[in-house]
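Visitor: I'd like a close look at just one part of this protein. Could you pick a spot and walk me through it slowly?

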Amino acid sequence: MTQVGARTLFNRLLHHNFKYVFGYPGGAILPVLNEFYAQKKIKYVLSRTEQGGSFMAEGYAKATGTPAVVMVTSGPGAINIMTSMQNALSDGTPILALTGQVSTAVLGTDAFQEADIIGISKPCTKWNSMITNSENISQTVDQALKKMMHKRYGPVLIDLPKNVMSLPTGKENIYNIPDEPISENKVNGSIKINSKEIIEMILKAERPVILAGQGIIQSNAINEIRSLSEKFSIPVTTTLLGLGIMNEKNTLSLKMVGMHGSYYANKAVQNCDLLINFGSRFDDRIIGNPKTFAPKAKIIHVDIEEKNINKTIIAHYYINDSCKKVLTDMSYYTQEYDIFKFKGTNKWLAHIEWLAQINEWKKTDFNYPKKSVLQGRKVIDVLNDIIHSRKENFTIVADVGAHQMWAAQFIDYNHPKIKFITSGGLGSMGYAVPASIGVKLGLENDTVICICGDGGFTMSFVEVITAVKNKVNVKILIINNNYQLMVKMWQDKFYNKQFVGVKMDNPPFETIAKNLGCESMKIYSNENLKENLTYFLNYDKGPIVANVITNSDESVLPMVSPGKALNEMIIEENSNEKYEGDAPC
Ligand SMILES: Cc1ncc(C[n+]2csc(CCOP(=O)(O)OP(=O)(O)O)c2C)c(N)n1
Ligand SMILES: [Mg+2]
């Protein structure tokens, strides 16, 4: 007996072992949604906004390293996930979007809830396709998943006209889609090298630094990079999305580099003689002025995505391959080298001097002037101490703003014990509450803490309902400074304190959360801070929201103003140094 298109689609999702589909219903997607009725194999998680559902899928995919599905209706439903598509494209997150579409008979007639989703999503997906023939359903899903996982991960979208989902499918044409041909070497101006040559350069370097990006996490190469760093005593700095690749309490960890990175990471990058970038795309937030980035270094760029090589920083050498492959090859070759044979040589002494210099720079760590009022940085600082005193694994999911940077700076990450997930390349507010729900569904045994600003919480708190209804025990910590503090800070520094549109006048979030059926608490002073945060972490009967009222007069430091070199950081809170150039965005 032939089956309808929606059943074929559902079966293909089953075939690929999807446990969850996140989404929001509507007319055009009803045939597919109907397949979720009376079955227990795939759980349909109803979000409260389409954007929220798609961010949940992103959170799940990031947390588990496996693809996730978001399914929404046509027109407004599909348009509402475009921020998430762009977010997933920026951060290399593997999600499959299934969008309802009007029937093919009325396509292009401005039908009710018709939108050209293939056109709209083209620039913000890796690949998209509309299924117009029900015989192609399984094949299109397979092709989408292959495209999604090919080289750097990313979002893909399949548009599903309603009639195609309701029609019987004929004999299915399932055939293998060949892998994309390995692209040829099109990287101009840089020299292609191999793994062994990287080691030879390390052995010649006196002041090496590794920059580790998300490519390390996605290719599961954390152990390999830690061993490399250990074997050759190479300090490692990471991107925002690479936090935790190193145990950040390790002396060879330089924590995060860039606009709000550590003093010592920025100093090390600007003074090193060899910079090896594994799996970071040299985002503008980490390089400062590209013309003055790592001016004394030979730069090696290892990246699976060819288009990232020489995109912002011209590398002297490159390898266009996965970090895992390159690091595995390197560990094979390192057995040949005995670094102790360098003992006593000038190179050896220079390297020891380099490590001593870095330790000296490390005396200037992330810091802030302590006040009697509750400060956001203090809250995160204390949270860090508590996290490190406990046994369970944690995932911190940060929203976007000042609190996000503090979460990056004041928590010492260490994969897989303490992990970090955030909206990196797009910086999309409203991400963390829904994403943390997806993360918790993916990592049931982790304690998942969403650190959110009052602005971002206001944009997304409807999804607390999703957490309550699905009994997802996320812990939402609102750093409530009653301002969009990050923007306020820019107006303060770059617009002569002319504050416009940044004061929030928030309602009592703890009451709102309670009314949504969620446990909640309010924290407003330093007194009993540790005890209150411990209660927050220990609560296990459902999700919990803590409205933490903090000082509105804080900053995010160090800061490299846009267009400046990484070493031109402003470090002190009341520094007389000028914030010059355009404000960041
Ligand atoms: C969807 C979206 N809109 C606007 C911005 C620009 N933006 C970046 S940070 C920020 C303020 C965030 O305020 P809040 O959530 O209270 O966090 P805080 O900076 O106070 O910690 C804004 C508006 C953004 N990143 N994303
Ligand atoms: Mg705020």
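Guide: Let's go to the surroundings of ligand 1, where helix H17 (402-410), helix H19 (454-460) and helix H21 (485-494) each supply at least two residues of the shell. Keep in mind that what you see is a predicted model. The shell has 20 residues, and those that come nearest to the ligand are Gly401, Gly453, Gly455, Gln484 and Leu485. Sorted by class, the residues around ligand 1 are eight nonpolar, ten polar and two charged.

Now find this place on the whole chain. The domain assignment splits the protein into domain 1 (5-166), domain 2 (191-361) and domain 3 (376-557), and the three helices just named, H17, H19 and H21, sit within the bounds of domain 3.

Next, look at Cys450. Leaving aside its neighbours within four places in sequence, Cys450 is in contact with Val397, Ala432, Val433, Ser436, Val474, Lys475, Ile476 and Leu477. Cys450 also belongs to the largest nonpolar core, which has 174 residues. Cys450 is listed there among the residues with the most contacts inside that core, along with Val32, Ile225, Leu275, Ile451, Leu477 and Ile478.

Leu275 from that list takes us over to domain 2, whose bounds are 191-361. Here seven strands make an open sheet with parallel pairing, and the order is S7-S13-S12-S11-S8-S9-S10. At the edges are strand S7 (191-192) and S10, each of which pairs on one side only. Further in, S11 and strand S12 (residues 298-302) are joined in the parallel sense by five bridges. Try finding Leu274: its bridge partner in S12 is Lys298.

Stay with this sheet and look for helix H12 (residues 263-271), which is mostly covered, with eight of its nine residues buried. The buried ones are Tyr263, Tyr264, Ala265, Asn266, Lys267, Ala268, Val269 and Gln270. What do they pack against? Their partners are strand S8 (208-212), strand S9 (236-238), strand S10 (253-256), strand S11 (274-278) and helix H15 (346-361).

One last stop is the meeting of domain 1 and domain 2. The C-alpha centres of these two domains lie 38 Å apart, and six residues of domain 1 are in contact with five residues of domain 2. On the domain 1 side, the touching residues are one nonpolar, two polar and three charged.

Terms used
Residues are numbered from 1 along each chain as its sequence is written. Chains are lettered from A and ligands numbered from 1 in the order in which they are written. This is a predicted model: local features need pLDDT of at least 70, side-chain atom pairs count only at pLDDT 80 or more; totals for chains, interfaces and linings use all residues. A residue is buried if 20 or more other C-beta atoms lie within 10 Å of its own, exposed if 12 or fewer, and partly exposed in between; C-beta atoms are placed from the backbone. Helices (H or I, at least four residues) and strands (E, at least two) are DSSP runs, numbered from the N terminus. Two residues are in contact if their C-beta atoms, placed from the backbone, lie within 7 Å. Domain bounds come from an automatic or database domain assignment. Ala, Val, Leu, Ile, Met, Phe, Trp, Tyr, Cys and Pro count as nonpolar, Asp, Glu, Lys and Arg as charged, and the others, Gly among them, as polar. A residue is near a molecule or strand if its C-beta atom, placed from the backbone, lies within 6 Å of it. A nonpolar core is a set of buried Ala, Val, Leu, Ile, Met, Phe, Trp, Tyr and Cys residues joined through C-beta atoms within 7 Å. Two strands pair if DSSP finds at least two bridges between them.
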